[in-house]
Amino acid sequence: MRKRKPLRPAAVAKNLGALLLAVVFVFPVYWMFSSALKPSSEILTKDPVFFFVPTFDNFGTATDVDLFWTYARNSLIVTVSAVLLALLVALAASFAIARMKFKGRKGLVLAVMMAQMAPWEVMVIAMYMIARDADLLNSLPLLTAIYFVMVLPFTIWTLRGFIAAVPVTLEEAAQIDGCTRGQAFRKVIFPLLAPGLMSTSLFGFITAWNEFAMVLILNKDKTAQTLPLWLTQFQTAFGNDWGATMAASTLFALPVLLVFVFLQRKAVGGMTAGAVKG
């Protein structure tokens, strides 16, 4: 049997550093989950409580808020719609940028990058005035359109990298075999874009799911609000209900966490490939 080489001090230090970094990042998530399961008397204590009898009362309090299911439905509608629209438009735009030579191509790429870096919060007032004048306040379609525009630049930029990474010879070979350019894209390129589609849809979902400022300003009607505003409803005359707040935060983060765990391998591969190729 081959003898295992002893770990070098540098490798041990790197492993310990990585473990410490993981603990630093994971601990707030653990504290949120554990606080959601703690009785109220054990949340605000002088000494932290790590061992306790779990209770689901906080989750009941969080979901008993008026219009909870309306908030959840609105979040799913605007988030999924915005992501699907962004993927549809970005596929065409990224293919044109990666494969076609046309005047203004570099300017279009620069515009996409600038749109990605733009802080959307500075445009809230302008968007509010436009929505007010167009009588579109408290509108889910307007919110969907805004989220679509927010997600689109990142989606175009990432998918461009994936399409550029696919050899042109594969597309040309399909065309020689009798495929049109559209058929070559659908039958050859599109199946190879699965990691890119998963990673971009995941980050687009996170962006739209977590967005707070736009819905706060544009949708004052509670029936047109989303889950981020639901998280602000656990303040009473005696202070914050931290148990319900942590339970609500857990429920809010759970869909994104489940999607990420399900798509973890392809999403991580997609992030690295789309970022460095092309």
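At 4% relative accessibility, Thr250 falls below the 20% cut-off and therefore counts as buried. This residue of the predicted model lies in helix H12, and that helix makes a good starting point for a walk through the structure. Leaving aside neighbours within four places in sequence, Thr250 is in contact with Met32, Phe33, Ala36 and Phe59.

Phe33, one of these partners, is found in helix H1. With a relative accessible area of 28%, Phe33 is partly exposed, whereas Thr250 is buried. Beyond its neighbours within four places in sequence, Phe33 is in contact with Thr250 and Leu257. Along the chain, Phe33 and Leu19 are 14 residues apart, and their C-alpha atoms are 20 Å apart in space.

Ala247 offers a companion view of H12, the helix in which it is placed. Its relative accessibility is 0%, so Ala247 counts as buried. Not counting residues up to four places away in sequence, Ala247 touches Ala36, Asn58, Phe59 and Ala62. Ala36 and Phe59 thus appear among the contacts of Ala247 and also among those of Thr250. A further link across the sequence joins Ala247 to Thr63: the two residues are 184 residues apart along the chain, yet their C-alpha atoms are separated by 9.0 Å.

These two residues belong to a longer list. The buried residues of H12 are Gly243, Ala244, Thr245, Ala247, Ala248, Ser249, Thr250, Phe252 and Val256. The elements that cover them include helix H1 (9-36), helix H2 (57-63), H9 and helix H11 (227-230).

The geometry of H12 itself can be checked against a simple expectation. At 1.5 Å a residue, its 21 residues should span 30 Å, and the end C-alpha atoms are indeed 30 Å apart, so the two values agree. H12 nevertheless has a kink of about 35° at Leu254, shortly before the proline Pro255.

Pro255 also takes part in the packing of H12 against H9. Two packed helices are described by the angle between their axes and the distance between the axes. For helix H9 (residues 194-210) and helix H12 (residues 242-262), the angle is about 175° and the axes are 11 Å apart. Angles over 145 degrees count as roughly antiparallel, and H9 and H12 are therefore roughly antiparallel to each other. On the H9 side, the contact is made by Leu202, Phe205, Ile206, Trp209 and Asn210, and on the H12 side by Phe252, Pro255, Val256, Val259 and Phe260. By residue class, this contact divides into nine nonpolar, one polar and no charged. Phe252 and Val256 of this contact are also listed among the buried residues of H12.

A second helix pair has another arrangement. Helix H3 (residues 68-99) and helix H8 (residues 181-192) pack at an angle of about 100°, with their axes 13 Å apart. H3 and H8 are therefore roughly perpendicular to each other. Leu91, Phe95 and Arg99 of H3 meet Arg181, Phe185, Ile189 and Phe190 of H8. The residues of this contact comprise five nonpolar, no polar and two charged.

H3 passes a similar check of its span. Its 32 residues should cover 46 Å at 1.5 Å a residue, and a separation of 46 Å between the end C-alpha atoms agrees with this. Along its course, H3 bends by about 30° at Ala90.

Conventions. Residues numbered from 1 in each chain as written. Predicted model: local features only at pLDDT ≥ 70, side-chain atom pairs only at ≥ 80, totals over all residues. Heavy atoms only, no water. Axes fitted to C-alpha atoms, helices over the stretch in contact; angles between N-to-C directions. Helix = DSSP H or I, 4+ residues; strand = E, 2+ residues; numbered from the N terminus. Parallel < 35°, antiparallel > 145°, perpendicular 65-115°, else oblique. Contact = heavy atoms within 4.5 Å. Nonpolar A, V, L, I, M, F, W, Y, C, P; charged D, E, K, R; others polar. Expected span 1.5 Å × (residues − 1). Bend = angle between axes of the 7 residues up to and from the residue. Buried < 20%, exposed > 50% of the residue type's maximum accessible area, 1.4 Å probe, protein only.
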